[in-house]
Amino acid sequence: MLEQPYMGTEKVSSTPRETASDRGPSGVGRNVSKVDARDKLTGRAIYGSDLDREGLLHGAVLRSTRPHARVLSVDTAGAEAIEGVHCAVGRTDLLGVFDDRVRHYGDVIAAVCADDEKTARRALQEIDYELEPLESIHDAREAVRGNGPDIHPNNPDLKQDGRHEFTVENPTYTSNIDDYHAYETGDVEAGFEAADFVLEREYTTPRVNHCNLDTHCCIADWEGETLTITETLASLGRNQDMLAEMFDLDPENVEIQMPPTLSSSFGGRSLPKLTLEPVAATLAKETGHPVKVWFDREEDFTAASTRHETHYEIKLGITENGEITALDFTVTADTGGYPNGVGHIVLTNSGDRPPELYQIPNYRYEGVSVFTNNVPGGEYRGIGSTQTVFALESHIDELIREAGLDPFDFRRKNFVRNPQARPGVTDTEEESGVIECLERATERFQEISVGETDDPARLYGRGFAAGVHTTGSGAIEEPDASDVELTIGTDGIVRATTASGDHGQGSDTVMAQIISQETGIPTTDINLRRFGTNEGLEDDLGSVASRSTYIIGGAVKNAAEKLAAELRALGATAFECDPADVALDGTSLSGPGGASAPIGDLLETTGTESITVAGRHESELNPPSHGVHFAEVSVDPATGGVELLSYVAVQDVGFAINPKMVEGQLEGALQHGIEFALYSEVILDDGMPQNANLADYPAVSPYDLPTNTVCEIVESNEESGPYGAKGIGTPAMAPIAPAVLNAVRDATGYRESTPPLDTEALFSHLEDAS
């Protein structure tokens, strides 16, 4: 690694913002320390896998090593005979949607629970079963065209979240269709006729595992007909409905509780897993005991979910002066063995991203998500957008090279200025900050670029890419919304009950800063908790889709404004003055003439135990968040090895409530994006995993990150968000892989169209060119 200084974060406001008056060091716009930092640093944080219960039993799952088979028989007698085993059940006896067919490696055949996990896993070896192997299909492009088995031949009610009616317009798509989207604007064929340069290419993106430090774990417990699931799940309301439908229960009979500290997610904990919650719930119901199921690392690779492998066919036309005339964009996404609603999101985001980023007068989009006998696809940071932007920005980079155009001028000319003009995309209230991102990123990259070193044997290249992803879900059937409740008692502590799940991204700190901004109460005197599913507060989606600050933060701001008004009214009564003359001064209230008293004392004086207020925020918008990233690489032609020398990430975040945590989100995205570009892929051979462990799967460490890094914030002031804020965690992902691989292309002439980078292919290319 080069010994270059870490450059840190700078913040540039493109639009003056209106915020509340200064509330001291813990309000918005400040680098407040994370409220949970001490517990995590000292090891006091309690995660879901740390939890115990009286009478707790431990479950384990017997999993298929065949990608497709019919279960002919399961005999659990041998397992049940082992001392300490309480229950063993076959696949078709599980609660939920299980038939007699396994559809991917890692699918469930049977399950056991025992006094301890070791006994449960040993008992799995005593289960006798017989499988009838079935033909399997692993290429989504073949599966959708009928060139293999029908994976769900009886079209059972799989109780998929987000299922919707669709009509397939492509006559070659005949089977295994999970979802389908298609639309067209303008006259695409005329657009290509008007083009001076047209390029057609194909790109394929890899399956990537989340590699969360804590593997998936849940505890299931029944009380009568009510099921309680204790687990890190990001979307409590949505998951309550999904589990209730799966188990044929009323939603009120499903309670989801969060552990004290949430495990990291990156999208991996957004939805239930078909062989996790149903297994734990079945074993708990059979035994009358709470049951804990905790995946080992291989199960996290094969029975949880990965980023969708996605294939793109792109045809783009431009004029000789660099104007886009037409884009034909086709997407095929591999859903794997079972649907979970995420295929729909991949297709939606894949179709929406190009016109959110570029002015495209003639645009044709078709996307299909397909069942295969591969491990399931699911949510992963930048669902669909990460894959799409890689393909699109790689394609644009290649075309403008062939046309001899300047990449900066091309993007500046074609970028969308006003996102309200995007066809088929929910409006925002502000113009995008993408032009400023481009200008700032270019300027900063010129300042920090290392340039060629004294090693003449190495090859050096620079590349950049733009990216976009939206904030929140927008209006689907009704506005995206969240409820919040704030209570302050005689101890002066604010207790905030929200739907925000802090998976490490710092959302609890952001919520505390918003409350502090409005009330003056320091974040150290604000406690946050997540409400359960049956507490009367509403929020379907929780901490997904980069909506935490935008939607939940908006509700917190609304509640905090109400709490501030109540506190001023309390002070007005105590000091016999107008509420407007009451100052919110930390944990005290002050009135005219120097009168002051702690909030807790004033509550006791008035005989009030506490003040409780409710807040709510709704939005039909899902404003786009743009970014422009630059990368600088050196390549060793003797090995094909790539070293990332310098990186600049400039991101429009609307408003940075905590700039240092925004920097952390950018750096975290950089780690994920480098994995996607250069290293990581869940390798399947006819559905059989080849690297389902952290010894063989190349997760990136800090050593792989560039030390010469600049993260810069542009604040475009999104008026629909609290203080102008919009999403950052997911949008920051999109430009990284294409920026890095465009730099590799610049250095070597080699275009990687199927990441992660194939260093052997790169080496061969350099050998042939020498």
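This is a chat about some buried residues, strands, cavities and pockets of a predicted model.

Q: Before we start, what kind of model is this, and how are residues numbered?
A: It is a predicted model, in which local features need pLDDT of at least 70 and side-chain atom pairs count only at pLDDT 80 or more, while totals for chains, interfaces and linings use all residues. Residues are numbered from 1 along each chain as its sequence is written, and side-chain values use heavy atoms, with hydrogens and water left out.

Q: OK, how many disulfides are there?
A: The count comes to 0 disulfides, where a disulfide is a pair of cysteine sulfur atoms within 2.5 Å. Cys 217 is in no disulfide, and its nearest cysteine sulfur, which belongs to Cys 218, is 6.7 Å away.

Q: And is Cys 217 buried or exposed?
A: Cys 217 counts as buried, at 9% relative accessibility; buried means under 20% relative accessible area, exposed over 50%, and partly exposed in between, with a 1.4 Å probe and protein chains only. Cys 218 also counts as buried, at 0% relative accessibility.

Q: Which cavity does Cys 217 line?
A: Cys 217 lines the second largest cavity, together with Gly 48, Ser 49, Asp 214, Thr 215, His 216, Glu 231, Thr 232, Ser 263 and Arg 269. On a 1 Å grid over the protein atoms alone, a cavity is a set of points where a 1.4 Å probe fits but cannot get out, a pocket is an open set with protein on both sides within 12 Å along at least five of seven lines, and lining residues have an atom within 4 Å of a point.

Q: How much space lies in that second largest cavity, and what is its lining like?
A: About 60 Å³ of space lies in the second largest cavity, counted as the space filled by probe spheres set on grid points that are joined across faces, edges and corners. Its lining divides into 1 nonpolar, 6 polar and 3 charged residues. Here Ala, Val, Leu, Ile, Met, Phe, Trp, Tyr, Cys and Pro count as nonpolar, Asp, Glu, Lys and Arg as charged, and the others, Gly among them, as polar.

Q: What about the second largest pocket, which residues lie nearest its centre?
A: The second largest pocket has a volume of about 450 Å³ and is lined by 22 residues, of which Val 35, Asp 36, Asp 39, Asp 508 and Leu 528 lie nearest its centre. Strand 20 gives the most to this lining, with 4 residues; helices (H or I, at least four residues) and strands (E, at least two) are DSSP runs, numbered from the N terminus.

Q: Switching topic, where is Val 112 found, and what does Val 112 touch?
A: Val 112 is found in strand 6, residues 108-114, and is buried, with a relative accessible area of 0%. Leaving out residues up to four places away in sequence, the residues in contact with Val 112 (heavy atoms within 4.5 Å) include His 58, Cys 87, Ile 127 and Leu 283.

Q: Leu 283 is in helix 7, so how many residues of helix 7 are buried?
A: In helix 7, residues 277-287, 9 of the 11 residues are buried, among them Leu 283 and Thr 287. Helix 7 is followed by Gly 288, whose phi is positive, near 75 degrees.

Q: Last one: why is strand 29 largely enclosed?
A: Strand 29, residues 708-715, is largely enclosed by the rest of the structure because 8 of its 8 residues are buried. Strand 26, residues 641-652, runs parallel to strand 29 and is joined to it by 7 bridges, where two strands pair if DSSP finds at least two bridges between them. In strand 29, Thr 709 is the bridge partner of Tyr 647.
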